[in-house]
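Work through the exercises below with the sequence and the structure open beside you. Try each task before you read its solution.

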Amino acid sequence: MSGIEKNIHWTSKWRCPSNIALVKYWGKHDFQKPMNPSLSFVLQNAFTETSVELLKEADRKVEFYFEGAASDFGERIEKYLDSISSHLPWINKYNFRIRSHNSFPHSAGIASSASSFGALALCLAEIDFAISGREPDHPDLWLKASELARMGSGSACRSVYPGFAIWGQTQLFESCRDEHAIMVYEGIHPMFYGLRDAILMVDSGTKQVSSSVGHELMNDHIFQRSRIAQAHQNISELYLALLTGNQEKFIEVVENEALSLHAMMMTSNPSFILLKPNSLELISRIRRFREKAKIPVSFTIDAGPNIHLLYFKKDELDVKAFIERELLDFCENGKWIDDRIGKGPMRIT
Ligand code: PMV
């Protein structure tokens, strides 16, 4: 152990996946709480690995290394640590050394804030349990990690579980909360654990509008009330479709959610059109293929131009041939990312 390493008091390292929402979170209330409930699944190949070392010296300082190099993101982490200090009373007593890397390139169009805040929150929750003498495999660890992740980036709270998660109060379960996400496991039709997500890269450039600006525009949005009602209805219908294996309903709700998110952005003031001509071309080709080939493909879209093509394991060969043959011309440099529903976060020892 080197001199500085002797100073390390607590340490934790986690891998946490990104997630893709099927029912979209759009709009906040209070501190990072959602205006409407959302439902997502975690990805398998898109993840962040983060290690946190707490060093003994008092007065909190943060050293942050991203992909091995010192990074400005440290300032955002400092603000984040301030914002959660009432939840982690020990936080101001240590210096932090945090190292992080992503399995996917920065410009891949994958929400890196979900996986990065998810991984950091898991480390902090584990250290919190260790400091307070609680068992690290206690089920409350996940709730704590989800709540801490939410305070960094809302959608991150859904990344700390395997498979599907719901965040925000709904009539579906009493345990649904605005403070943290819950895992949805029991009763989901096995077909949905074979979900595939082909991320079709239309544009890897920086975002035209940050999600925080987008969320804010929902505060005075003329369709705010109807959007909230729609999300509640969609989450109930989607959950039922997941239980019963209803592919048609799944497709209907998922595409309706993706387009509603963009409709909200297009009709806000100021308004944003984040879809590109190639996004629309991909959407119409996906729909045409579904009709002609009778293969249950669908799409979802985040707050950007890239298209997530969703399909099932049994159709993998046909869909991959379809992507190669008919979609790659509309992707930036023919780029797409082959991902699938994942098994959730992993502690790294
Ligand atoms: O977590 P944020 O603040 O980056 O918001 C994410 C919002 C969407 O990705 C568009 C939808 C969602 O539920 O993930």
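A polar contact is a pair of N or O atoms within 3.5 Å, and within protein one of the two must be able to donate a hydrogen and the other to accept it. Keep in mind throughout that this is a predicted model.

**Exercise 1. Find the element that holds Glu316, decide whether Glu316 is buried or exposed, and name the side chain with which the side chain of Glu316 makes a polar contact.**

Step 1: Glu316 lies in helix α9, which covers residues 316-327.
Step 2: A residue counts as buried when its relative accessible area is under 20%, and Glu316 is therefore buried, with a value of 17%.
Step 3: The partner is Arg196, whose side chain makes a polar contact with the side chain of Glu316 at 3.4 Å.

**Exercise 2. State how many disulfides a search of the whole structure finds, and explain the result for Cys16.**

Step 1: A disulfide is a covalent bond between the sulfur atoms of two cysteines.
Step 2: The search of the whole structure finds zero disulfides.
Step 3: For Cys16, the closest cysteine sulfur belongs to Cys123 and lies 9.5 Å away, so the two are too far apart for a bond.
Step 4: As for their surroundings, Cys16 counts as buried because its relative accessibility is 0%, and Cys331 also counts as buried, at 6%.

**Exercise 3. Describe the surroundings of the ligand, beginning with how many residues surround the ligand.**

Step 1: The ligand is surrounded by 13 residues, of which the closest are Tyr25, Ser155, Arg158, Ser211 and His215.
Step 2: Turning to distances, a polar side-chain atom of Arg158 is 2.7 Å from an oxygen atom of the ligand, and for a polar side-chain atom of Ser211 the distance to a ligand oxygen is 2.8 Å.
Step 3: The side chain of Asp302 has an N or O atom that lies 3.4 Å from an oxygen atom of the ligand.

**Exercise 4. Give the volume of the largest pocket, and work out which element gives the most to its lining.**

Step 1: The volume of the largest pocket is about 1,400 Å³.
Step 2: Its lining is made of 47 residues, and those closest to the centre of the pocket are Ala111, Ser112, Ser113, Lys207 and Ser211.
Step 3: The elements that give two or more residues to this lining are β1, β5, α2, β7, α3 and α5, and α3 gives the most, with four residues.
Step 4: Sorted by character, the lining of the largest pocket has 13 nonpolar, 26 polar and eight charged residues.

**Exercise 5. Describe the largest cavity by its volume, its lining residues and their character.**

Step 1: The structure holds two cavities of 30 Å³ or more, and the largest cavity has a volume of about 50 Å³.
Step 2: Its lining consists of Thr50, Phe64, Phe73, Ile77, Ile98, Ser100, Ser116, Phe117 and Leu120.
Step 3: Two or more of these residues come from each of α2 (73-83), β7 (95-102) and α3 (112-131), with α3 giving the most, three residues.
Step 4: The lining of the largest cavity divides into six nonpolar residues and three polar ones, with no charged residue.

**Exercise 6. Locate the cis peptide bond, and then examine the positive phi angles of Lys294 and Asn333.**

Step 1: Most residues other than glycine have a negative phi, and most peptide bonds are trans.
Step 2: The cis peptide bond joins Asn269 and Pro270, with an omega of about 5°, and Pro270 lies in the loop between α7 and α8.
Step 3: Lys294 is not a glycine, yet its phi is positive, about 55°; Lys294 is found in the loop between α8 and β11.
Step 4: Asn333, likewise not a glycine, has a positive phi of about 50°, and Asn333 lies in the loop between α9 and β13.
Step 5: A residue counts as exposed when its relative accessible area is over 50%, so Lys294 is exposed, at 68%, and Asn333 is exposed too, at 75%.

**Exercise 7. Decide whether Phe299 is buried or exposed, and state how far apart Phe299 and Glu257 are in sequence and in space.**

Step 1: Phe299 is found in strand β11, and Phe299 counts as buried because its relative accessibility is 0%.
Step 2: Phe299 and Glu257 are separated by 42 residues in sequence, while their C-alpha atoms are 9.9 Å apart in space.

Key
Residues numbered from 1 in each chain as written. Predicted model: local features only at pLDDT ≥ 70, side-chain atom pairs only at ≥ 80, totals over all residues. Heavy atoms only, no water. Disulfide = S-S within 2.5 Å. Buried < 20%, exposed > 50% of the residue type's maximum accessible area, 1.4 Å probe, protein only. 1 Å grid on protein atoms, 1.4 Å probe; cavity = no way out; pocket = protein on both sides within 12 Å on 5 of 7 lines; lining within 4 Å. Points joined across faces, edges and corners; volume = space filled by probe spheres on them. Nonpolar A, V, L, I, M, F, W, Y, C, P; charged D, E, K, R; others polar. Near = heavy atom within 4 Å.
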